[in-house]
Amino acid sequence: MRSGVDGNPYTISFGSLRIVNLSGEDVTRQYNLTKVSGLLNLSKAEQVLDFKLPSNLTFGADTNLRANKQGGEVSFEVVSGPARVDANGRLVATSGTGTVVVKAVTPGDANYLGAEARQTITLAKAGQSVS
């Protein structure tokens with residue numbers, strides 16, 4: 001039997017451990033638990049970061065960039081191709097047609113490791129109207 005941070009004793013049965021933060025919230029799923037030489041190691045959990053882009057976008061158009069994540073803020077950047085991410089977090093097709101690779105990044109925090117995801121979108125020619 002050992003003492004917890006509050007001085008009260010606790011018992012650990014590996015495989016049935018429940019981790020509760022100071023607010024009483026069960027945060028067990030936020031950690032990877034492994035038994036090493038009779039010790040319990042807590043490590044940061046891997047973070048799931050996912051975002052979707054439309055299959056294509058026409059020159060001059062834009063689309064919102066949003067991500068599903070578990071941790072902190074997400075930033076987006078264009079890795080390659082004729083587009084940019086504007087200050088409002090929108091992907092803007094700026095200078096032609098072709099394939100654009102967009103990367104989303106979220107840093108780690110006290111509970112999660114950092115994560116990165118990439119998606120590809122095709123920029124097509126805009127329709128022409130003649131009057």
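In which strand is the place of T63? In this predicted model, T63 lies in strand β7, which spans residues 62-64. T63 has a relative accessibility of 15%, and because the limit for a buried residue is under 20%, T63 counts as buried. Leaving out residues up to four places away in sequence, the residues that T63 touches are P54, L57, G89, R90 and L91.

Two of these contacts lead to other parts of the structure, namely the sheet and the nonpolar core, which are taken up in turn below.

**The sheet**

An open sheet is built from four strands with mixed pairing, and their order is β6-β13-β12-β9. The edges are occupied by β6 (56-58) and β9 (75-80), each of which has a single partner strand, so that one side of each is left without a neighbour in the sheet. On average, and with direction ignored, neighbouring strands of this sheet are turned by 35° against each other. Strands of a sheet in general pair through backbone hydrogen bonds, in either a parallel or an antiparallel sense, and both senses are found here: β6 runs parallel to β13 (residues 115-124), to which three bridges join it, whereas β12 (residues 98-106) pairs with β13 in the antiparallel sense over nine bridges.

The table lists individual residues that face each other across these pairings.

| Residue | Opposite residue in β13 |
|---|---|
| N56 | T122 |
| L57 | L123 |
| K103 | R118 |

L57 thus has L123 of β13 as its bridge partner, and L57 is also among the residues touched by T63 of the β7 strand.

**The nonpolar core**

The largest nonpolar core has 16 residues, of which F51, L53, L91 and V102 touch the most other members. At least two residues of this core are supplied by each of β11 (90-93), β12 and β13, and β13 gives the most, with four residues. Such grouping may be set beside the general tendency of nonpolar side chains in soluble globular proteins to be buried together.

What is V102 in contact with, leaving aside its neighbours within four places in sequence? The contacts of V102 include F51, L53 and L91, which are named with V102 as the residues touching the most other core members. The remaining contacts of V102 are L65, F76, E77, A117, R118 and Q119, and among these R118 is the residue of β13 that is the bridge partner of K103. L91, for its part, is in contact with V102 and is also touched by the buried T63.

Definitions and conventions. Residues are numbered from 1 along each chain as its sequence is written. This is a predicted model: local features need pLDDT of at least 70, side-chain atom pairs count only at pLDDT 80 or more; totals for chains, interfaces and linings use all residues. Side-chain values use heavy atoms; hydrogens and water are left out. Two strands pair if DSSP finds at least two bridges between them. Axes are lines fitted to C-alpha atoms, for helices over the stretch in contact, and angles run from 0 to 180 degrees between N-to-C directions. Buried means under 20% relative accessible area, exposed over 50%, partly exposed in between (1.4 Å probe, protein chains only). Contact means heavy atoms within 4.5 Å. A nonpolar core is a set of buried Ala, Val, Leu, Ile, Met, Phe, Trp, Tyr and Cys residues joined through side-chain atoms within 4.5 Å.
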